[in-house]
Amino acid sequence: MNKLKKRWNITSNWQLVIILIVFAITGSTAAYISKPLTNALGITKESMPLWLYWPLRLILIFPLYQVLLVLIGALFGQFKFFWEFVKKMLYKMKLGFIVNYFEKKLKL
């Protein structure tokens, strides 16, 4: 736990617990929402081969997960931590233009 606290620049055990809870809730929620979302888009196991279905589903889950992470984090009072976390992840994936767009539009 101390390694995570140091890596994430967190001093409180309580904040660490909240952050881990947010990650758990977000992952479960994204997985739960992804099935009806893919079904609504016509992406089902029956309509396409599994080698195509799973990558498409994961590609759809990714942006959903990012949005949910920031929203659920904000509900738990951790907006700043999760916004920085998502920004860092997007920059590492060479998707920093998304961060720049939202920071300009929302003046974050």
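Q: Helices (H or I, at least four residues) and strands (E, at least two) are DSSP runs numbered from the N terminus; how many of each does the protein have?

A: The protein has 5 helices and 0 strands. Read from the N terminus on, the order is α-α-α-α-α.

Q: And where does the model come from, before I lean on it?

A: This is a predicted model, where local features need pLDDT of at least 70 and side-chain atom pairs count only at pLDDT 80 or more, while totals for chains, interfaces and linings use all residues. Residues are numbered from 1 along each chain as its sequence is written, and side-chain values use heavy atoms, with hydrogens and water left out.

Q: OK, what box do the C-alpha atoms fill?

A: Roughly 50 × 30 × 25 Å, taken along the principal axes.

Q: How much of the protein is buried?

A: Of its 108 residues, 31% are buried. Buried is under 20% relative accessible area, exposed is over 50%, and partly exposed is in between (1.4 Å probe, protein chains only).

Q: What about contacts between residues at least 24 apart in sequence?

A: Take the contacts (heavy atoms within 4.5 Å) between residues at least 6 apart: 47% of these join residues at least 24 apart.

Q: Switching to pockets. How much space is in the largest pocket?

A: About 370 Å³. A pocket is an open set of points on a 1 Å grid over the protein atoms alone, where a 1.4 Å probe fits and protein lies on both sides within 12 Å along at least five of seven lines; lining residues have an atom within 4 Å of a point. The volume is the space filled by probe spheres set on the points, which are joined across faces, edges and corners.

Q: Which residues line the largest pocket?

A: R7, W8, N9, I10 and Q15 are on the list, along with K80, F81, E84, F85, K88, M89 and K92. Helix α4 (residues 79-92) supplies the largest share of that lining, with 7 residues.

Q: Is the lining nonpolar, polar or charged?

A: A mix: 5 nonpolar, 2 polar and 5 charged. Nonpolar here is Ala, Val, Leu, Ile, Met, Phe, Trp, Tyr, Cys and Pro; charged is Asp, Glu, Lys and Arg; the others, Gly among them, are polar.

Q: And the second largest pocket, how much space is in there?

A: About 300 Å³. It is lined by 16 residues, and the closest to its centre are Q66, V67, W83, V86 and F102.

Q: Which helices supply that second lining?

A: α3 (50-75), α4 and α5 (96-106) each put in at least two residues. The most comes from α3, with 6 residues.

Q: How do the residues of that lining divide up?

A: Into 15 nonpolar, 1 polar and no charged.

Q: Back to N9 in the largest pocket's lining. What's its phi?

A: N9 has a positive phi of about 60°, although it is not a glycine. It sits in the loop between α1 (2-7) and α2 (13-40), and is exposed at 68% relative accessible area.

Q: What about K94's phi?

A: K94 also has a positive phi, of about 65°, and it is not a glycine either. Its place is the loop between α4 and α5, where it is exposed with a relative accessible area of 70%.

Q: Last one, S34: buried or exposed?

A: S34 is buried, at 2% relative accessibility. It lies in helix α2 and touches R57, I61 and L64, leaving aside residues up to four places away in sequence.
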